[in-house]
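Welcome! Open the model in your viewer, get ready to select residues by number, and let's take a short walk through some charged pairs.

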Amino acid sequence: MGITIKEIARRCGVSIGTVDRALNGRPGIKEETKRRILEVARQANYEPDTVARSLASGRSRTIGIVIGDLNNRSFAQLVNAAERTAREKGYLVQLMLTGKESEPEKQCLAHLKSRKADGIVLFPVNKGERFEAFLDRLGLPLVAVCNRLSERRSYVGIDDRSAMAEAADRAWTAGYRRFVYICPPLTYRESHNIHTQAERFDGFREALARRGAEEPIVVTSQDFVSELAKLEFCGAARTAVFCSCDAYALEALNHFRARGVRVPEDAGITGFDNIDMLKYVSPRLTTVHYDMEEIGRSAVELLVEQIETGQAPRQLTLPYRYVAGDSM
């Protein structure tokens, strides 16, 4: 049987509470005492009894991360950063993928509740009063990322509307007068929470309206490459193709390369996300940068704060910046 906290306390001549503070890095203990306790624990190969600790604290030291999928590289960046931050704070992560579907998302949340998760980081696809009531019944601390829920829920994201509006303004200033917008998720605007994608599209349209531009061509088909193939890009008006994420922009770039459409001479392309693999792409993609890893870190920090201190929900809007590449 391994050594217990009680035995460490006896050997060091201190209280059990002092040992607990030393082992968990909490304040209120002299540095010399802390070193002595940690050395005794190391020599005795002390391993914490996580079950006992959970029973004593009422916490499982586990948080759930619920997200649609990992196909988009930026989602993987978010999850990696969130898991790393959780581990640093003494929590394990249970990752659950929903396929971006409403019912699987609710099933994942209910599962985490049944498994005694202490809180949840959620990239939601559900929205509305019924879902809010479901979350109320769930009764767990929760932080939404990217897709905003109500003002009652913690949230971490960026000002997507302003970011895409700035990108559209820059394209107009550069002389583009014909605009194409690619965003398959807009098909689900009424049924799903696509807050991030909707904000980007609305910012884009508002910027063009302020300029007096013609209505853009909006492509929402999942097979958007086939829709692009129907359009001509060698006319008098310079055409700018805006994509609501870099993944779509890379598909458009590949299509234009195969078709012989010159970028940016015949058609400019702008993406959104600034995913890390763009450093391998030529021409350099014009895009919008925001720190997806910082969103993951901030979400976990906010969640742990709620779990451990009862902090009221807060909403964080992180910065972004326009990245001028060679594709626009």
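Start by selecting Arg 170, which is partly exposed at 41% relative accessible area (buried means under 20%, exposed over 50%, partly exposed in between, with a 1.4 Å probe and protein chains only). Before moving on, note that this is a predicted model, where local features need pLDDT of at least 70, side-chain atom pairs count only at pLDDT 80 or more, and totals for chains, interfaces and linings use all residues. Residues are numbered from 1 along each chain as its sequence is written, and side-chain values use heavy atoms, leaving out hydrogens and water.

Now add Glu 166, whose closest N and O atoms with Arg 170 are 3.1 Å apart in a salt bridge (a side-chain nitrogen of Lys or Arg within 4 Å of a carboxyl oxygen of Asp or Glu). Both residues sit in helix H8, four residues apart, about one turn of the helix; helices are DSSP runs of H or I, at least four residues, numbered from the N terminus. Glu 166 is partly exposed too, at 25%.

Next, which residue forms a salt bridge with Arg 161? Select Asp 202: the closest N and O atoms are 3.6 Å apart. This pair links distant parts of the chain, joining helix H8 (residues 160–173) to helix H9 (residues 195–211) across 41 residues. Asp 202 is buried at 17%, while Arg 161 is partly exposed at 26%.

For the last stop, select Glu 294 and Arg 297, a salt bridge at 2.8 Å between the closest N and O atoms. They are three residues apart in helix H12 (residues 292–309). Add Arg 84, Asp 291 and Glu 293, and you have one network joined by salt bridges that share partners.

Technical notes:
Helices (H or I, at least four residues) and strands (E, at least two) are DSSP runs, numbered from the N terminus.
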